[in-house]
Amino acid sequence: MSDSLLSVGKIVNTHGIRGELKIWLQTDFPEVRFAPKAKLLIIHPEHGEQITVTVAASRPYKQMYIVQLAEFNNINDVEKYKGYEVKVSKEESVELPENEYYFHEIIGCNVVDDEGKELGVIQDILRPGANDVWVVKMPNRQELLIPVIDDVVLDVDVESKLVKIHLMEGLL
């Protein structure tokens, strides 16, 4: 079941006394995900209990979103959902422009250099600023940090889970 879901955020706290939630974003489309009437799943991080909820209202707040759910209007009703994950079904994917990818499409891809030498598997994606950085776990258990820029990332094939890169001097 979880393979058919996309993470869009995590409930980190409550906001005010009317049952609003602070959601840390894990989506590039918060205005779509947290639009009024949008359906979300909130999922317990350990035992996977799922609750379907509807967004009543939302607004950006620092690096998060403040979201009011239609089902709750009191801090006491939402307090227990701190730490829950917020997801949507993959069918609700937003179509991305060419050469842009979802995290779930990139994580798990094998990475090879331009000569076909295997370098490892993408384990994580960092977003430090100007460009993303892919964290590759190498066979020797070390991490290789790949800046996602045109000079380095040559080809991404999400179907075959393969990324070809040019190893610029200083990356290894």
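**Close-up 1. Glu79 and Lys82 form a salt bridge.** Buried means under 20% relative accessible area, exposed means over 50%, and partly exposed lies in between. Lys82 has 36% relative accessibility, so Lys82 counts as partly exposed. Its partner Glu79 has 35% relative accessibility and therefore also counts as partly exposed. The closest N and O atoms of this pair are 2.9 Å apart. The model shown here is predicted.

**Close-up 2. Arg127 forms a salt bridge with Asp132.** Here the closest N and O atoms are 3.2 Å apart. Arg127 has a relative accessible area of 48%, so Arg127 is partly exposed. Side chains of opposite charge can pair when their charged atoms come close. A search of the whole structure finds five salt bridges.

**Close-up 3. Lys137 and Glu143 form a salt bridge.** The closest N and O atoms are 4.0 Å apart. Is each partner buried, partly exposed or exposed? Lys137 has a relative accessible area of 33%, so Lys137 is partly exposed. Glu143 reaches 53% relative accessibility and therefore counts as exposed.

**Close-up 4. Asp113 is buried yet has no salt bridge.** Asp113 sits in strand S7, which covers residues 110–113. Which side chain of opposite charge is nearest to Asp113? That side chain is Lys117, 5.5 Å away. A salt bridge needs a side-chain nitrogen of Lys or Arg within 4 Å of a carboxyl oxygen of Asp or Glu, so a pair at 5.5 Å does not count. The side chain of Asp113 does reach the backbone nitrogen of Lys117, at 2.9 Å. Leaving aside residues up to four places away in sequence, Asp113 touches Leu119, Lys164, Ile165 and Leu167.

**Close-up 5. Strands S11 and S12 pair in the antiparallel sense.** Strand S11 spans residues 153–157, and strand S12 spans residues 162–165. Four bridges join the two strands. Which residue of S12 is the bridge partner of Val156? The partner is Val163. Four residues lie between the strands of this hairpin. In the hairpin, Lys161 takes a positive phi near 55 degrees. Two residues of S12, Lys164 and Ile165, are among those that Asp113 touches.

**Close-up 6. An annotated domain covers residues 104–171.** The unreviewed UniProt entry labels this stretch "Ribosome maturation factor RimM PRC barrel". Over these residues the chain is 47% strand and 4% helix. The C-alpha atoms at the two ends of the stretch are 24 Å apart.

Note on methods:
Residues are numbered from 1 along each chain as its sequence is written. This is a predicted model: local features need pLDDT of at least 70, side-chain atom pairs count only at pLDDT 80 or more; totals for chains, interfaces and linings use all residues. Side-chain values use heavy atoms; hydrogens and water are left out. Buried means under 20% relative accessible area, exposed over 50%, partly exposed in between (1.4 Å probe, protein chains only). Lys and Arg count as positive and Asp and Glu as negative; His and the chain ends are not counted. A polar contact is a pair of N or O atoms within 3.5 Å; within protein, one must be able to donate a hydrogen and the other to accept it, and residues adjacent in sequence count only if both atoms are side-chain atoms. Contact means heavy atoms within 4.5 Å. Two strands pair if DSSP finds at least two bridges between them. UniProt positions are given in the numbering used here, feature names are shortened, and annotations may be inferred rather than shown by experiment.
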